[in-house]
Amino acid sequence: MAWFNRGYRQKAYVPVAKRKETATKESSSMASRGERPEPVILSGTKIASSFWGQSWCENLERYSDYENRLPRGRTYLRNGAVVDLKIREGKIEARVVGSSVYKVEITVQPILATRWEALCSAGAGNIASVLDLLAGKFSNGVMSQLCEPRKGLFPEPRELNFSCSCPDWAAMCKHVAAVLYGVGNRLDHQPELMFLLRHVNPSDMIRLVQGQSLLPNLKPGPDRLLSVDDLSGLFGMEIEDFSEVSPPPQKSPPAATPPAAAPPVPVAPAPLTVPTFGPTDILNVKQLAMMRLQQYDIDQLVAEGHLFLLPDGKRYGVMPDGWAAILKVMP
């Protein structure tokens, strides 16, 4: 039976099975309109398991502003009610199935410049690469600063604005709560979206001292070279290891009659030009190909200063802002 609340006519309760059926129909309808639904699908009862996903959910539960609505949101998410969730710069857009299909929009304010500067200072010298940052591999000190209430990277309630097309009068309805938990699950698979929401570049936390020589970095140690397992874990795809494949033998050209010896002409070596700031990682051509980057993508990244070719002609240095640019061009 329908009931009234503050002038709104609430719809009757819809069983979970019916909501799941509606969710399936909504996904099919979006696809038929040429839209690409991005539902939140849990593999179990746990919403998030990575550092970024769990920290997002813990941050939500830290504030008393949300405590009355969050349990219903968790239930909705686990029942597959979030049929579409898209994260853009400073904005979350979603569709949630309840009594009807409701549109949810959440805006996230940019982090204060002074607050971001303090976090970058904490990360300077303590995070090896953007890969480690996104994987949550850093010291407990950096972790505590990232998660510190009102000083860390995660937003406070006053930095979030909600809207939902449902008739619920509360600022945070159960549909909004489900979407917020859905963001935690999405961060398990795409941790870079946390920085997109806060309008910042993760490379800012990987700082090198200005004027530091690049020459020691041109021969990276094992902690600077990215393994196939690292790339598989970060980008969520199976990557075959070609490192043991030997190149085909080259045929020797026929011997030619040497020309008459000429006196050697001294040639001054061309100066090696390297960027002022060093790379955060070094990738070889095969690894870039494994990330499905075409040669024109690589050339564009080099032209824009995100990558640069090392003197051996086989490897590329990734500049501090290079990972963000790579993630944008990856198919």
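Biologist: Which residue is the bridge partner of Leu 283 in strand 9?

Modeller: In this predicted model, Leu 283 has Tyr 316 as its bridge partner in strand 9. Asp 281 is bridged to strand 9 too, through Val 318.

Biologist: How many bridges hold strand 7 and strand 9?

Modeller: Four bridges. The two strands pair in the antiparallel sense, and strand 9 covers residues 315-318.

Biologist: What is the strand order in that sheet?

Modeller: The order is 7-9-8. The sheet has three strands, is open, and its pairing is antiparallel. Strand 7 (281-284) and strand 8 (307-309) are the edge strands, each pairing on one side only. From one strand to the next, the twist averages 30 degrees.

Biologist: And how do strand 8 and strand 9 pair?

Modeller: They pair in the antiparallel sense, over three bridges. Leu 307 stands opposite Val 318 of strand 9. The two strands form a hairpin, with five residues between them.

Biologist: Which residue in that turn has a positive phi?

Modeller: Gly 313, with a phi of about 70 degrees.

Biologist: Let's go to Ile 326. What is it in contact with, leaving aside its neighbours within four places in sequence?

Modeller: Leu 283, Met 291, Leu 293, Leu 301, Leu 307 and Val 318. Leu 307 and Val 318 are the pair that stand opposite each other, in strand 8 and strand 9.

Biologist: Where does Met 291 sit?

Modeller: Met 291 is in the loop between helix 10 (285-290) and helix 11 (295-303).

Biologist: Buried or exposed?

Modeller: Met 291 counts as buried, because its relative accessibility is 0%. Its C-alpha atom is separated from that of Ile 326 by 9.1 Å. Along the chain, the two are 35 residues apart.

Biologist: Which residues touch the most other members of the largest nonpolar core?

Modeller: Ile 326 is one of them. The others are Trp 52, Trp 56, Leu 153, Phe 195 and Met 205. This core has 70 residues. Its largest share, eight residues, comes from helix 7 (residues 174-189).

Biologist: Why would such residues gather like that?

Modeller: As a general rule, nonpolar side chains in soluble globular proteins tend to be buried together.

Biologist: Back to helix 7. Which strands does helix 7 lie across?

Modeller: Helix 7 lies across strand 3, strand 4 (91-97), strand 5 and strand 6. Its angle to strand 3 is about 65 degrees.

Biologist: What sheet do those strands form?

Modeller: They form an open sheet of four strands, in the order 3-4-5-6, with antiparallel pairing. Strand 3 (82-88) and strand 6 (160-164) stand at the edges. Each has a single partner strand, so one side of each is left without a neighbour in the sheet. Neighbouring strands are turned by 15 degrees against each other on average, direction ignored.

Biologist: How many bridges join strand 5 to strand 6?

Modeller: Five. Strand 5 covers residues 101-108 and runs antiparallel to strand 6. Glu 105 stands opposite Ser 163 of strand 6.

Biologist: What about the loop after strand 6? Where is Asp 168?

Modeller: Asp 168 lies in the loop between strand 6 and helix 7. At 18% relative accessibility, Asp 168 counts as buried, because the cut-off is under 20%.

Biologist: Which side chain does Asp 168 join in a polar contact?

Modeller: That of Arg 69, at 2.7 Å.

Biologist: New topic. How many disulfides does the structure hold?

Modeller: Zero. Cys 173, for one, is in no disulfide. The nearest cysteine sulfur is that of Cys 164, 3.7 Å away. A disulfide needs sulfur atoms within 2.5 Å, so this pair does not count.

Biologist: Is Cys 173 buried or exposed?

Modeller: Buried, with a relative accessible area of 2%. Cys 57 is buried as well, at 8%.

Biologist: Last bit, the whole chain. How many helices and strands?

Modeller: Twelve helices and nine strands. The chain has 331 residues, and buried residues make up 43% of them.

Biologist: And the contacts between residues at least 6 apart in sequence: what share joins residues at least 24 apart?

Modeller: 74% of those contacts.

Notes
Residues are numbered from 1 along each chain as its sequence is written. This is a predicted model: local features need pLDDT of at least 70, side-chain atom pairs count only at pLDDT 80 or more; totals for chains, interfaces and linings use all residues. Side-chain values use heavy atoms; hydrogens and water are left out. A nonpolar core is a set of buried Ala, Val, Leu, Ile, Met, Phe, Trp, Tyr and Cys residues joined through side-chain atoms within 4.5 Å. Buried means under 20% relative accessible area, exposed over 50%, partly exposed in between (1.4 Å probe, protein chains only). Contact means heavy atoms within 4.5 Å. Two strands pair if DSSP finds at least two bridges between them. Axes are lines fitted to C-alpha atoms, for helices over the stretch in contact, and angles run from 0 to 180 degrees between N-to-C directions. A polar contact is a pair of N or O atoms within 3.5 Å; within protein, one must be able to donate a hydrogen and the other to accept it, and residues adjacent in sequence count only if both atoms are side-chain atoms.
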